[in-house]
Amino acid sequence: GEIAINGETVKITHPSDAMRLGIGMVHQEFMLIPGFSIAENIKLNREPLKKGVLSYAFGKKLQKLDTQKMKDDSRIALDKLGMDVDENLPVAGLPVGYMQFIEIAREIDKKNIKLLVFDEPTAVLAESEAASLLKVMKKLASEGVGILFITHRLDEVIDAADKITVMRDGAWIQTLDKKDTNIEQLAEL
């Protein structure tokens, strides 16, 4: 197959290509570092730096983390998701639902995000957490972020999707508008 972004075919050979194109991924398995704070996990590999006395004298390599900017940026992403949690808390010991939302916060904190791929994001969530996640996905979509939602839960598909593509054994079966289908038809396909 081929991948088109804004109508133009693109070739993605490395995760950095996807990030440059504005594609983010929320994995089924959490990719968080338990010993790090929420803010540190959100900003991981994109930590803002600030100059210090040593960096003025010896160069960029001696800049230090701008921890206040990390916290501020994280707070913005968490607020966008409606998460009232202290960004300084360590990730270890947090409820599973919080960890899933931290994964999402990390992706929406990235600049230029155009498409978020959610790989079975509700698989580990309680029903109320899954409902909250679907609300967040709809909010992000309403703000212009494309959502690719991969799931086996057909009720969630009907609740969240505009267009539905059914795949079986890695093959495309059919693409439908939500208004033209129902759970029974999707299960049949």
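Let me begin with a definition: two residues are in contact when heavy atoms of theirs lie within 4.5 Å. The model I am presenting is a predicted one. With that in place, I turn to Phe118. Leaving aside neighbours within four places in sequence, Phe118 is in contact with Val26, Ile104, Leu133 and Met137, and also with Ile147, Leu148, Phe149 and Ile150.

Phe118 leads us to the nonpolar interior. The largest nonpolar core has 29 residues, and Phe118 is listed with Ile38, Leu81 and Ile104 as those with the most contacts inside it. At least two residues of this core come from each of the following elements: helix H2 (38-43), helix H4 (67-80), helix H5 (96-109), strand S6 (115-119) and helix H6 (127-142). Apart from this core lies another, of six residues, and Val157, Ile164, Leu176 and Leu186 are among them.

Next, a charged residue. Glu120 sits in the loop between S6 and H6. What is the nearest side chain of opposite charge to this buried residue? It is that of Arg153, 6.2 Å away, and Glu120 has no salt bridge. The cut-off explains the verdict: a salt bridge requires a side-chain nitrogen of Lys or Arg within 4 Å of a carboxyl oxygen of Asp or Glu, so a separation of 6.2 Å does not qualify. Residues up to four places away in sequence not counted, Glu120 touches Gln28, Ile150, Thr151 and His152. Ile150 therefore appears twice in this account, since contact means heavy atoms within 4.5 Å and Ile150 is listed for Phe118 as well as for Glu120.

I move now to helix H3 and the surface. Phe58 is found in helix H3, which spans residues 53-58. Is Phe58 buried or exposed? Phe58 is exposed, because its relative accessible area is 63%. Together with Leu54 and Leu62, Phe58 makes a nonpolar surface patch of about 340 Å². Ser55 also lies in helix H3, yet Ser55 counts as buried because its relative accessible area is 8%. Setting aside neighbours within four places in sequence, Ser55 is in contact with Lys60, Leu62 and Gln63. Leu62 is thus named both in the patch and among the contacts of Ser55.

Two asparagines deserve attention for their backbone. Asn45, in the loop between H2 and strand S4 (49-50), has a phi near 70°, a positive value in a residue other than glycine. Asn45 is classed as exposed because its relative accessible area is 70%. Asn112, in the loop between H5 and S6, has a positive phi of about 75° although it is not a glycine. Asn112 is partly exposed, because its relative accessible area is 40%.

Finally, two distances along the fold. Pro95 is placed in the loop between H4 and H5 and is partly exposed, with a relative accessible area of 41%. How far apart are the C-alpha atoms of Pro95 and Leu125? They are separated by 9.7 Å, with the two positions 30 residues apart along the chain. Trp172 belongs to strand S9, residues 171-177, and counts as exposed because its relative accessibility is 56%. From Trp172 to Val96, 76 residues apart in sequence, the C-alpha to C-alpha distance is 32 Å. Neighbours within four places in sequence aside, Trp172 is in contact with Thr165, Val166 and Met167.

Key: Residues are numbered from 1 along each chain as its sequence is written. This is a predicted model: local features need pLDDT of at least 70, side-chain atom pairs count only at pLDDT 80 or more; totals for chains, interfaces and linings use all residues. Side-chain values use heavy atoms; hydrogens and water are left out. Patches are made of residues with over 30% relative accessible area and no salt bridge: like charges are joined within 9 Å, nonpolar side chains (Val, Leu, Ile, Met, Phe, Trp, Tyr) within 5 Å. Accessible areas come from the Shrake-Rupley method with a 1.4 Å probe; for residues, only the protein chains shown count as cover. Helices (H or I, at least four residues) and strands (E, at least two) are DSSP runs, numbered from the N terminus. Buried means under 20% relative accessible area, exposed over 50%, partly exposed in between (1.4 Å probe, protein chains only). A nonpolar core is a set of buried Ala, Val, Leu, Ile, Met, Phe, Trp, Tyr and Cys residues joined through side-chain atoms within 4.5 Å. Lys and Arg count as positive and Asp and Glu as negative; His and the chain ends are not counted.
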